[in-house]
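Open the model in your viewer and set it to a cartoon view. The stops below can be selected one after another.

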Amino acid sequence: MKRICFLFNHDQTHQLAHSLPIALALAGRGEHHVTLAYAREGARAEIARQADPLLLARMELVQLGLKRGGSQMLAGVLERIVPATKLLLYRDNLDFFRSFDAVVVAEKTSLLLKTRYGLRNVKLIHTRHGAGDRAIGFNPESAKFDLVLVSGPKIRDRLIADAGLNPEQIALVGYPKFDLCAHNRFTDRFPAPERPTVIYNPHPSPKLSSWFKHGAQVLEAFRQQDRYNLIFAPHVMLFQRSLVVTVDPPSLARVRAPGPEYAGEPRIHIDTGSGASSDMSYTNRADIYLGDVSSQVYEFLRSPRPCLFLNSHGGDWRGDPNYLHWQAGPVLGSADGLLDAIDAAVAAHPDYAPTQQALIDATFSLSERPSAERAADAITAFLEGRPLV
C-alpha cells in the first residue's frame with residue numbers, strides 16, 4: 001500500500017476538480033492510503049461540495065499552514081502582490097511531504113519540493129489543470145515531474161516536442177474533471193431565459209486578457225441590448241487581488257471589478273469567483289462563448305457551439321500553437337459592433353463545427369472508462385513499477 005497525497009495549495013479552488021476525481025477513484029479501490037491536503041478553508045468547503053461523502057470518509061484530510069518563525073509575517077507583507085503563503089507552505093511542511101510515496105498536484109509550484117528542498121524520494125505527479133494552448137503549459141518545468149497525466153494527444157505531443165518530456169513520463173488518461181462536473185448546469189434567473197446566452201470568460205493575464213482593454217465595453221454592449229443574456233464569469237484569479245501579476249508572459253496591472261451599474265441588470269449575471277465559475281456550470285449553460293486565451297473554451301466545446309475571441313493585445317496568432325483554439329470561431333480585433341459580430345458567429349457556426357470537433361478529438365482522449373479511473377490506473381502502475389498502459 002502506497003501513501004499518496006493530493007495537494008490543493010492555491011488561493012482559489014479552480015484547480016481542484018482536475019485532481020479530486022482521481023483521489024476519489026483511488027479511495028474507492030482501497031488499495032492505497034490517500035490524503036487530501038489543503039491550505040485554505042475554501043478548498044475544504046469545495047472538496048465537501050463536490051466529493052461523494054462515502055468516498056471522502058475513506059480519505060484523510062489535513063489542513064496545512066505556516067509553521068516557521070517569520071513565515072506569517074512575510075506572507076502578510078507580500079500576499080497582496082504574490083501568493084507568498086502558497087510558496088512558503090512547502091518549506092514549512094517538509095516533514096509532512098516527506099512521509100508520502102507520491103504527491104499529486106495540478107500546478108507547478110510544488111516542484112520546489114524537489115528543486116529547492118531536495119525531496120528526491122517523493123514522486124511528484126502532475127495532473128495539469130485545463131487543456132489549453134498557452135505556452136506556459138508546455139515549458140521545461142513540466143519535464144521535472146516524475147509522471148504527467150494528460151487529457152489527449154495534443155497535450156502529449158506538445159509536451160514531448162516543447163517541454164522535452166520522455167514518452168515514459170506521460171500517461172494519456174482523458175479529462176477527469178468531466179467525471180465530476182460534466183452534468184453541472186447553472187440555474188439562471190434571466191427574465192427571458194429563451195434568449196441565447198453568452199458566456200464572457202476573460203483570462204487574468206494583463207498581456208493576453210481582453211478585460212483590461214475591452215472588458216468594460218463588452219459589458220456595456222450587453223447592458224444596452226435585449227437580444228442576449230450574458231454570464232460574466234472570468235477566470236477566478238482576475239479579481240483575486242487589486243494587482244494582477246503573471247509570470248508567463250511577465251506582466252502586472254491594476255484591475256477593477258465591474259461597476260455597480262451592472263449589479264441590477266437582470267440580463268447580466270456576474271460571478272467573479274464562486275465554485276460555479278470553474279465547475280462547468282456556466283460553460284454547460286451558455287449557448288455562445290466569448291473569450292480570449294482561457295482553457296475553459298475547451299470545456300465549452302465538449303458540446304460544439306458558436307465561439308468568438310477578442311484579440312485585444314494584437315497578437316499574431318495565425319499558425320501559432322498557443323492560439324490553436326482561435327480556429328474555433330471568428331477573432332475580433334476590438335469590441336466595436338460586438339452584438340453584430342455575435343450574430344455573425346452564430347450564423348457561421350456550421351463552417352467552424354468540423355474544426356471544433358477536430359480540436360476536441362485532439363484535446364480529449366475519452367473512452368467508456370471514466371477518465372479518473374484511467375488516471376488511478378496510471379498512478380498505481382507507476383508507483384508499482386509496472387508499464388503504463
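This tour of a predicted model goes from a strand to a pocket and ends at a single residue.

**Stop 1: strand β4**

Select residues 102-105, which form strand β4. Show the side chains: A102 and V104 point one way, while V103 and V105 point the other way. All four of these residues are buried. In a regular strand, side chains alternate between the two faces of the sheet.

**Stop 2: the partners of β4**

Add residues 3-8, strand β1, which runs parallel to β4 and is joined to it by 3 bridges. To see one of these pairings, pick F6, whose bridge partner in β4 is V104. Next add strand β5, residues 123-126. β5 also pairs with β4 in the parallel sense, over 4 bridges. Here, V103 has L124 as its bridge partner in β5.

**Stop 3: the largest pocket**

Turn on a surface and look for the largest pocket, with a volume of about 1400 Å³. Select H10, Q15, H129, R134 and I136: of the 48 lining residues, these are the closest to the pocket centre. Elements giving two or more residues to the lining are α5 (84-92), α7 (112-115), β10 (243-246) and α12 (296-300). β10 gives the most, with 4 residues. Coloured by class, the lining shows 21 polar, 15 nonpolar and 12 charged residues.

**Stop 4: S278**

Finally, select S278, in the loop between β12 (268-270) and α11 (281-285). Is S278 buried or exposed? Its relative accessibility is 7%, so S278 counts as buried. Beyond its neighbours within four places in sequence, S278 is in contact with T13, H14 and K177.

Methods
Residues are numbered from 1 along each chain as its sequence is written. This is a predicted model: local features need pLDDT of at least 70, side-chain atom pairs count only at pLDDT 80 or more; totals for chains, interfaces and linings use all residues. Side-chain values use heavy atoms; hydrogens and water are left out. Buried means under 20% relative accessible area, exposed over 50%, partly exposed in between (1.4 Å probe, protein chains only). Contact means heavy atoms within 4.5 Å. On a 1 Å grid over the protein atoms alone, a cavity is a set of points where a 1.4 Å probe fits but cannot get out, and a pocket is an open set with protein on both sides within 12 Å along at least five of seven lines; lining residues have an atom within 4 Å of a point. Grid points are joined across faces, edges and corners, and a volume is the space filled by probe spheres set on the points. Ala, Val, Leu, Ile, Met, Phe, Trp, Tyr, Cys and Pro count as nonpolar, Asp, Glu, Lys and Arg as charged, and the others, Gly among them, as polar. Two strands pair if DSSP finds at least two bridges between them.
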